[in-house]
Amino acid sequence: MSTELHPILDSPKLAVTVQLARKSALTPGMPILIQGEAGAGAEELARFIHGCSDEGAVHPFVAVKCPGISEATLESELFGPSEAGTPKPAITRARGGTLFIEEISISD
């Protein structure tokens, strides 16, 4: 279980956030929404939470980067198809672990 802080998280201003992240990691299966500006360290915080959890030691961390991906490609990356010779969908790869979806947005 890796509980070392990434330098971006090792800040007095983020102490309360990091403390809350540690507590959240102790609740198995708890969905966590991390919001913030691009470059604020959301993926580092997600990896920290994953590393603090019991599941983090044995289950994968899967990151899906949304910027610049079309809706169809994103849907395929997250949910399938899982045909012979193609990578498994992110939802399947992350089973039991953490699925981090970066910069997801909803448009009208």
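**View 1. The whole chain, with four helices and two strands.** The secondary structure of this protein chain comes to four helices and two strands, where helices (H or I, at least four residues) and strands (E, at least two) are DSSP runs numbered from the N terminus. Please keep in mind that this is a predicted model, in which local features need pLDDT of at least 70 and side-chain atom pairs count only at pLDDT 80 or more, while totals for chains, interfaces and linings use all residues. Residues are numbered from 1 along each chain as its sequence is written, and side-chain values use heavy atoms, with hydrogens and water left out. Follow the chain along its sequence and you meet the pattern α-α-β-α-α-β. Of its 108 residues, 25% count as buried; buried means under 20% relative accessible area, exposed over 50%, and partly exposed in between (1.4 Å probe, protein chains only). The accessible surface comes to about 7,700 Å², and 55% of that belongs to carbon and sulfur atoms; such areas come from the Shrake-Rupley method with a 1.4 Å probe, and for residues only the protein chains shown count as cover. Among contacts (heavy atoms within 4.5 Å) between residues at least 6 apart in sequence, 62% join residues at least 24 apart.

**View 2. Helix α1 and its buried face.** Here you can look at V18, A21, S24 and A25, which are buried in α1. Seen down the helix axis, the buried residues of α1 fall within an arc of 120°, so they line one face of the helix; the arc is that of the directions from the helix axis to the C-beta atoms. What do these buried residues pack against? Their packing partner is α2. On the other side of α1, V16, L20 and K23 are exposed.

**View 3. A closer look at V18 in helix α1.** V18 has its place in α1, which covers residues 15-25. With a relative accessible area of 4%, V18 is buried. The C-alpha atoms of V18 and F48 are separated by 8.7 Å, although these residues are 30 apart along the chain.

**View 4. E43 and its salt bridges with R47 and K65.** A salt bridge is a side-chain nitrogen of Lys or Arg within 4 Å of a carboxyl oxygen of Asp or Glu, and a search of the whole structure finds four of them. In the bridge between R47 and E43, the closest N and O atoms are 3.0 Å apart. Both R47 and E43 lie in helix α2 (residues 42-52), four residues apart, or about one turn of the helix. Is E43 buried or exposed? At 16% relative accessibility, E43 counts as buried, whereas R47, at 43%, counts as partly exposed. E43 also forms a salt bridge with K65, where the closest N and O atoms are 2.5 Å apart. K65 lies in strand β1 (residues 61-65) and E43 in helix α2, so this pair ties together parts that are 22 residues apart in sequence. K65 counts as partly exposed, at 39% relative accessibility.

**View 5. R93 and E77, a salt bridge between two helices.** The closest N and O atoms of R93 and E77 are 3.0 Å apart in this salt bridge. R93 lies in helix α4 (residues 90-93) and E77 in helix α3 (residues 71-79), so the pair ties together parts that are 16 residues apart in sequence. R93 is partly exposed, with a relative accessible area of 30%, and E77 is partly exposed too, at 28%.

**View 6. A salt-bridge network.** Through salt bridges that share partners, E43, R47, K65 and E102 are joined into one network.
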